[in-house]
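Trainee: Got a minute to go through this one with me? I'd like to talk it over before I do anything else with it.

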Amino acid sequence: MRSRKNALLAMSLFAASSLAAAGIFPYPYTQEDLPNGLRLIVIPTDYPNIVSLFIVVGAGSRNEVEPGKSGFAHLFEHLMFRGTAEFPPARYEAELQNDGAASNAFTSDDLTAFHTTFSKEDLPRILSMEADRFQHLAYDPSAFKTETLAVLGEYNKNSASPASKLNETVRATAFKVHTYRHTTMGFLKDIEAMPEEYDYSRQFFDRYYRPEYTTIIVAGDVDAKKVRSMVDERWGAWKRGSFKPSIPVEPPQDAPRFAHVDWPVETLPWVEVAYHGPAYTDTTAETAALDAISRLGFDQTSPLYQKLVIEEQKVDALSAGPPDNLDPELFTVRARVKHEADLPYVQQQIIATAQGFGTTPVDAKKLEILKQHLRYEFALQLNNSESIAETVAQFVALRRTPATIDRYYDEYAKLTPEDIRKAARKYLIDRNRTVVTLSSKPGVGAK
Amino acid sequence: MRRGAVLFALTAASAFGGPRIVQLPGKSPLVTLRFVFTTGSASDPSDKPGLAHLTAALMGDGGTKDLTYKQIVDAMYPMATSVDVYSDKEMTTFVGETHIDNLDKFYGLMRDMILHPGWRADDFKRVRDDSINALRVSLRGNNDEELGKEELYNVIYRGRPYGHENLGTAAALGKMTVADLRDFYRGHYTQANLIIGIAGGYSPEFLARVKRDFETLPAGPADRFDEMPLPAKITHNQATLVQKDTRSVAWSLGYPIDVKRGDPDFPALLVAGSWLGQHRESGGRLFRRMRELRGLNYGDYAYMEYFPRGMFRFEPEPNLARHQQIFQIWIRPVEPPNAVFALRLALFELDKMVKNGIPPAEFEKTRSFLSKYVNILTKTKSAELGYAIDSEYYGIPNYNEYIRGALAKLTVADVNAAIGRHLRADNLDIVGVAKDTDSIRAALTGNSATPIHYNATKPPDVIEEDKIVERWPFGLRAEDVTVVPVETVFEN
């Protein structure tokens, strides 16, 4: 059941919206499948002139199952700009330039998304260009090799940040077999070997750049019927594929794990505490419960933040991330500590707080305030067509429909202190835990 | 100068008529508030670099007279709101957005942050630590690209009001006291310096109340930036190499230009900059020749206005208006063996643009792009409001109309003439962040070729061009290259 408060908020926010959108997601939308399996979601918004197009391919670094081949989903984020016979890169860019379009792409564990935001009159042409590159991408081995260097350049520009290295190390330590072991960038040795993998890249494209893996999201100043006929015309002939990856299942962890990173230049030390958690769910309370713990336990209003950051001033950054991926992933808490000597203390405080949720029930009133916060947070986030499309894209990677947004927030609305306690007892436990520290001072990592 | 006269007229009027107001009324249930004070690090006392920034940071991340910081955060939480504070050379911005249900409560908290700061010692200690760590760790330690860009500004404006990082120096921050901040607040948080921006479905009564509240600030004085000394003239190429243990080499280069938003040549230079290197788009000349064709790095861009935090953002934040701007090229990190070649290629492309101008067909494309891209820049109400405030400051009409109108009248000859008047491919400041600064210095000052290393075959015309690029002259003598250990940057 939807909470009455949700419905009221949605109505007061967007009085023009129809009743079809009585959940937290306030926009009515259409969702249709073409015969070839391509899914189209159209969301007319009340923001004028602009249209935002997100094309989500349900393949991210999770799909990189062969050893030595990490980073290929992300490589395609790049290769897709390498053009086709009809639209070589120069022409593709010239068209986008004529349209004043902002075009880019991103990759995560579970998805690769290509997005373009532009003036509404340019929608037919941009849909044609996108249809062309998804169906007829053509790059030669030389262009391929050159693009792998741009990917290495991306790794290089990230490499100055200890947070990137911390993330790499946490994953590589906590996971032994699942593809979440590597980041979306991939292992450095795999990136360096990419130039010789032209044939594999064609195979990767052939597997995943297929209609049954793809969802087109169009949000903005549009008419759903017209968009459907444009998509039929341009994308209808795209051939369905047959590949299904076999993603290795991570065995349960049996004891706590540790790792340490020696950082070569001056930085403040970091500690990250991670626990194996569940896969995303919109039918039980688990995802919502761990999200609630990440907020009640570690955000700006939490007692631990108050203690470590505001009162004791031992930490200058504290944040937590709940697991919300297709497959079971990590609940993480990360802190930047001002002095090396405080690392063990901060680590112990984080562990005690996270695992404390399994014993002490949360205050029901605090949970209600959090629920109120979430409703406003979600509404404030949808402040333009691009962010509406992007929000939907993140959920589409998980369930391929915006309906999961309402289902997830409904689970959240029903969440009880006991649900939270149960989730903590199941996941935030010693044997599920990985701790990684990072420091530029010698000798800090000794355990 | 026309610009100065307009600014003076505005500030003079406001000294008598209260804060300036920029309004975008509408029906949206979301209300955006932007309080912009036209003061910033260019107003820092010379012995207290970073004072303007730290004052704003404590106001935004500390308690008020009545509430502790914790109480403010708790009060904002159910509304999912916050106030973001950022500070540049001439502007300090407090911005927040709320659902109209919560407008009164949210506004009360935001107002007290600005009108009744708490100045608590424990907040001060925390916020000052944050600033020092932002300099030493986040900027100097963890972000080679922004380090290079900010150091370029420091080098170009050395000895001038813009000549220090907005955050200040670690040494000066270490000596600052709450009393310094309160002094700065009293002298600069005035009605004459204030532009109030508001957008969304607020009522006229609400706006009248905001106006009344902020009329309790002192009437003046107003900060003046229209008569600042100009940066020193760059008479030959010069390079600063920041020595740091890092994987690759990040470059930034540029020089001051006497053109800012509202000046006659600004739209023409906007076209030139977009053609050479539109930020984070693949259509720019540098991107195509350096990344796409040669795989040198992740991207290469050009700028006519200050654009900080570009590695995290696709569109610039508004309210970073400046009276003095530089032309800048940003070369993202390059593998060391190709680093000097990449720098040469950027100079080669810049030289080509300066000598040959922009081809007519490409001018049309770039103009079309920019005419529509303004919609993207102002896609949120908050951004639209920010641009409107900047337009008020620069004395120009609504930004979208200003740009579209000016572009419609522009010809390729205008653009190429403006390039001729303001841009050049020599007399540059270059900043590099690198590990092996000795060999880079040797390559910059020696006259030997620095060929590119490819992993794939390239067409003959590219190979031919590379032969010219690999020997592109820097004209740098040994004394023109300074090596700076990273530990000393932003320290004193």
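Mentor: Sure, let's go through the chains, their contacts and a few local details; keep in mind that this is a predicted model.

Trainee: Okay, chain B to begin with. How many helices and strands are there in chain B?

Mentor: Chain B has 18 helices and eleven strands. Along the principal axes, its C-alpha atoms fill a box of roughly 70 × 50 × 45 Å.

Trainee: And what radius of gyration does chain B have, set against a compact globule?

Mentor: Chain B comes out at 23 Å. A compact globule of 492 residues would be near 23 Å, so the two agree.

Trainee: What does the domain assignment give for chain B?

Mentor: Domain 1 covers 2-214 and domain 2 covers 238-488. Their C-alpha centres are 29 Å apart.

Trainee: How many residues does each domain put into the contact between them?

Mentor: Domain 1 of chain B puts in 36 residues and domain 2 of chain B puts in 40 residues. On the domain 1 side, α1 (2-17), β1 (20-25), β2 (30-37), β4, α6 and β5 (194-200) of chain B each supply at least two residues.

Trainee: Which of those gives the most?

Mentor: That's α6(B), with ten residues. By class, the domain 1 side that touches domain 2 of chain B has 16 nonpolar, seven polar and 13 charged residues.

Trainee: Now the contact between the chains. How many residues come from chain A and from chain B?

Mentor: There are 54 residues from chain A and 56 residues from chain B. Several elements of chain B supply at least two residues each on its side, among them α3 (69-76), α5 (121-139), α6 (144-156) and β9 (325-334). The largest share of that side, nine residues, comes from α13(B).

Trainee: What's the class split on chain B's side?

Mentor: The side of chain B that touches chain A has 22 charged, 18 polar and 16 nonpolar residues.

Trainee: Switching to chain A. How do helices α10 and α13 of chain A cross?

Mentor: The axes of α10 (residues 286-298) and α13 (residues 364-381) of chain A come within 11 Å and cross at roughly 105°. The two helices are therefore roughly perpendicular to each other.

Trainee: Which residues make that contact?

Mentor: From α10(A) you have Ala292(A), Arg295(A) and Leu296(A), and from α13(A) there are Lys366(A), Leu367(A) and Leu370(A). That's four nonpolar, no polar and two charged.

Trainee: What's the strand order in the five-stranded sheet of chain A?

Mentor: The order is β7-β11-β8-β10-β9 (chain A), in an open sheet with mixed pairing. At the edges sit β7 (257-262) and β9 (315-321) of chain A, each pairing on one side only. On average, neighbouring strands are turned by 10° against each other, direction ignored.

Trainee: In what sense do β9(A) and β10 of chain A pair?

Mentor: Antiparallel, over six bridges, with β10 covering residues 330-337 of chain A. Ala317(A) stands opposite Arg336(A) in β10(A).

Trainee: Last topic, backbone oddities. Where's the cis peptide bond?

Mentor: Between Gly220(B) and Pro221(B), with omega about 5°. Pro221(B) is in the loop between α9 (204-214) and β6 (238-243) of chain B.

Trainee: And what's the phi of Trp119(B)?

Mentor: Trp119(B) has a positive phi of about 50°, although it is not a glycine. Trp119(B) lies in the loop between α4 (103-115) and α5 of chain B.

Notes: Residues numbered from 1 in each chain as written. Chains lettered and ligands numbered in written order. Predicted model: local features only at pLDDT ≥ 70, side-chain atom pairs only at ≥ 80, totals over all residues. Contact = placed C-beta atoms within 7 Å. Helix = DSSP H or I, 4+ residues; strand = E, 2+ residues; numbered from the N terminus. Nonpolar A, V, L, I, M, F, W, Y, C, P; charged D, E, K, R; others polar. Domains from an automatic or database assignment. Axes fitted to C-alpha atoms, helices over the stretch in contact; angles between N-to-C directions. Parallel < 35°, antiparallel > 145°, perpendicular 65-115°, else oblique. Pairing = 2+ DSSP bridges. Rg over C-alpha atoms; globule rule 2.2 N^0.38 Å.
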